[in-house]
Amino acid sequence: MEATNLYTAQFMDHVTHPDYKYQMDDATCSHEGINPSCGDDLTFSVKLADDDTIEEAAYQGSGCAISQASADMMADLVTGKTPEEAIRLCKLFMAMVRGEETDDDAIDELDEAASLKDISHMPARVKCAELAWRTLQEMLEAREA
C-alpha cells in the first residue's frame with residue numbers, strides 16, 4: 001500500500017480540523033497513552049451520561065497524522081456508546097489494523113475508522129493508529145475493575 005492512498009481528503013480533515021481535540025474540564029475519566037517507539041502521546045477523556053453512555057469524548061496531545069486522525073475518528077465513533085460497546089469497538093479496530101480481522105461486515109461497524117484498515121500493511125504505523133484506541137480501552141477496563 002502506498003501512503004498516498006491513506007491520506008485522503010476525509011483523513012486529512014480529521015488531522016487539520018479535528019472535532020474532538022480539546023481539553024475536557026469535567027471528564028468522568030481520563031487516561032494518558034504514549035507510543036514509546038515514536039513519541040506520540042495523548043490524553044483521552046470521556047464524560048459519561050446518567051444512562052452510562054459516553055456523552056462526550058475528547059483528546060489532547062501530539063503525534064503523527066495517523067495517530068491524530070485515528071483519535072478523532074474514534075472519539076466520534078464511541079460518542080453515544082456504552083463503555084462495553086466502546087471496548088468491543090477498540091478491540092475490533094486493533095484487530096483490523098493488525099490484519100487479524102478482515103471481515104468487511106465487522107469492519108463496517110468502525111464507520112470512518114474502517115478507512116484505516118490498510119495500515120495493516122504498514123507495520124511500523126500500527127502502533128500510531130492504535131494509540132487512542134488502546135488508551136480508551138485501558139481507561140474503560142480500569143474503570144470497570
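Phenylalanine 93 is buried, and tryptophan 133 is buried too. Both belong to a predicted model. Their rings form a pair, with centres 4.0 Å apart and planes at 5°. Planes under 30 degrees apart count as stacked, so this pair is stacked. Phenylalanine 93 sits in helix α4, residues 83–97. Tryptophan 133 sits in helix α6. The pair therefore ties together parts that lie 40 residues apart in sequence.

A search of the whole structure finds 2 aromatic pairs. The other joins tyrosine 7 and phenylalanine 11. Here the ring centres are 5.0 Å apart and the planes stand at 90°. Planes over 60 degrees apart count as edge-to-face, so that is the class of this pair. Are the two residues buried or exposed? Phenylalanine 11 is buried, with a relative accessible area of 1%. Tyrosine 7 is partly exposed, at 30%.

Phenylalanine 11 leads on to the helix packing. It is one of the α2 residues that touch α3. Helix α2 covers residues 9–16. Its axis and that of α3 are 8 Å apart, and the two helices pack at an angle of about 90°. Angles of 65 to 115 degrees count as roughly perpendicular, so α2 is roughly perpendicular to α3. On the α2 side, Phe11, His14 and Val15 make the contact. On the α3 side, Ala65, Ile66, Ala69, Asp72 and Met73 do so. By class, this contact has 6 nonpolar residues, 1 polar and 1 charged.

Helix α3, residues 65–78, also packs against α6, residues 126–144. What are the angle and the distance between the axes here? The angle is about 40°, and the axes are 7 Å apart. Angles under 35 degrees would count as roughly parallel, so at about 40° α3 is oblique to α6. The crossing of α3 past α6 is right-handed. From α3, the contact draws on Ile66, Ser67, Ser70, Ala71, Met74, Leu77 and Val78. From α6, it draws on Cys128, Ala129, Ala132, Trp133 and Leu136. These residues divide into 10 nonpolar and 2 polar, with no charged residue.

Two residues link the parts of this picture. Ile66 of α3 appears in the contact with α2 and in the contact with α6. Trp133 of α6 touches α3, and its ring stacks with that of phenylalanine 93.

Conventions: Residues numbered from 1 in each chain as written. Predicted model: local features only at pLDDT ≥ 70, side-chain atom pairs only at ≥ 80, totals over all residues. Heavy atoms only, no water. Axes fitted to C-alpha atoms, helices over the stretch in contact; angles between N-to-C directions. Helix = DSSP H or I, 4+ residues; strand = E, 2+ residues; numbered from the N terminus. Parallel < 35°, antiparallel > 145°, perpendicular 65-115°, else oblique. Left-handed = near helix turned anticlockwise from the far one by under 90°. Contact = heavy atoms within 4.5 Å. Nonpolar A, V, L, I, M, F, W, Y, C, P; charged D, E, K, R; others polar. Phe/Tyr/Trp six-rings, centres within 6.5 Å; stacked < 30°, edge-to-face > 60°. Buried < 20%, exposed > 50% of the residue type's maximum accessible area, 1.4 Å probe, protein only.
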